[in-house]
Amino acid sequence: MLGSKRLFVGGAAILAALLMVVMLASFASAGSADTVCVTGYVINHREIVVNGTEFSPTLRVEAVNASGQSVFADVDASGYFKFEKLPVGDYNFRMQLPESWDGLVPATERGGIAETGVTRLEKRSDCYRIVFKIRRLFDLTVIKWEELLNFTVQPGVDWEITATPVGDPYVHPKTEKTGAGGTTAFVLTPGKWTITENVKGGWVPITPYQVTIVLDQYDPPGAIGPVIFKNREPACGSKIVVEKLGFGTDANGQEVQLGPVAGWKITVRRADNT
C-alpha cells in the first residue's frame, strides 16, 4: 500500500511537471523566443511572509498572457513563487485570495482575485519582482444577555463593548454598542485581543466582564465563536419616606395639623420581621 501511494504521488508530480512544460511551450509558441523570469512574495499586512502551504489548496499565482493563456506558480512556505522562461510580452498576474482574506496591494475585496493589471515584460538579465500584500480578517460577534430578578433572560441593549489589541501599537481599540438583539460585531486582524464590557451601574457580572482571545491568520473560517457577556439586574432598592406630623387644636377647639415634628425615632421593619 505504501509503495502504491508513493507511486501515485510520484506519478502526480510527473504529470504536473508535464502540464507545466506543455503550458510553457504554448506560451513560447504564442510569442517571441526571448524569455524572462518573474519572482515574487506574498506578505501580510505586517509585511511578514505568508506560508502558501497552510492553505488547501495551496496558494498560487497565475500569469495570464495577452492571448488568455495562463501558467501557475505555487507559493511556498516562505511566501515565495517563481515563473521561469515566460516569453516576453504582456501579462496580468493574478491570485485567488482565500476566504476571509482581502488584498491591500493590489486592493481586493475579501475572497476576490488580486490582479496586478497588464504589465509589459521585456527581455532583461535579472528577474522581474512582484509582491502581493494580503490580510486576514476576522468577524467577531459579541452577544450580551441580561438576567432579570424574576430569572428570565433578555437581550442586553445599548451595552458598550471594547476590543483592545494586546502588544500591537499599530492597531487602535474599537468600541461598539449592542443593538436591539443584544449583539454587536467587530472586524479584527490577527493577534491577541482583549474584549471588555462596560458594566452598567448596579449590574452584577455573571460571566467575566473581560476575555482575551488569540486570532491566528491560518485559522480556518468560522474557527472563532462569539464572545458572550451576561449580567444580573440590580436588586430592587425601594425608598420609603416617613414624615412625623404634629397636631393640636385651634381657638374653636378644632383639631389642626401643626406641621412636621423633628427628633422622633422611626423604625421600619419588613413584614417577615427581618
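The paragraphs below go through the disulfide and the salt bridges of this predicted model.

Residues are numbered from 1 along each chain as its sequence is written, and side-chain values use heavy atoms, with hydrogens and water left out. Because the model is predicted, local features need pLDDT of at least 70 and side-chain atom pairs count only at pLDDT 80 or more, while totals for chains, interfaces and linings use all residues.

The covalent link comes before the ionic ones. A disulfide is a covalent bond between the sulfur atoms of two cysteines; here the term is applied to a pair of cysteine sulfur atoms within 2.5 Å. The structure holds one disulfide. Cys-37 and Cys-127 form this link, with an S to S distance of 1.6 Å. The angle about the S-S bond is -105°, and the link is left-handed. Cys-37 belongs to strand 1 (residues 35-43), whereas Cys-127 sits in the loop between strand 8 and strand 9 (128-136), so the disulfide ties together parts that are 90 residues apart in sequence. Strands (E, at least two residues) are DSSP runs, numbered from the N terminus. Cys-37 is buried, with a relative accessible area of 17%, and Cys-127 is partly exposed at 27%. Buried means under 20% relative accessible area, exposed over 50%, and partly exposed in between, with a 1.4 Å probe and protein chains only.

Next come the salt bridges. The term stands for a side-chain nitrogen of Lys or Arg within 4 Å of a carboxyl oxygen of Asp or Glu. By this rule there are 13 salt bridges. One of them pairs Asp-90 with Arg-120, whose closest N and O atoms are 3.5 Å apart. This pair links distant parts of the chain, since Asp-90 lies in strand 5 (residues 89-96) and Arg-120 in strand 8 (residues 113-121), 30 residues apart. Arg-120 also forms a salt bridge with Glu-122, with 3.3 Å between the closest N and O atoms. These three residues are partly exposed: Asp-90 at 31% relative accessibility, Arg-120 at 47% and Glu-122 at 43%.

What is the N to O distance in the salt bridge between Lys-144 and Glu-197? The side chains of Lys-144 and Glu-197 meet at 2.5 Å. Lys-144 lies in strand 10 (residues 138-147) and Glu-197 in strand 15 (residues 191-197), so this salt bridge ties together parts that are 53 residues apart in sequence. Both Lys-144 and Glu-197 are buried. Elsewhere, salt bridges that share partners join Glu-62, Arg-94 and Glu-115 into one network.

Key:
Helix = DSSP H or I, 4+ residues; strand = E, 2+ residues; numbered from the N terminus.
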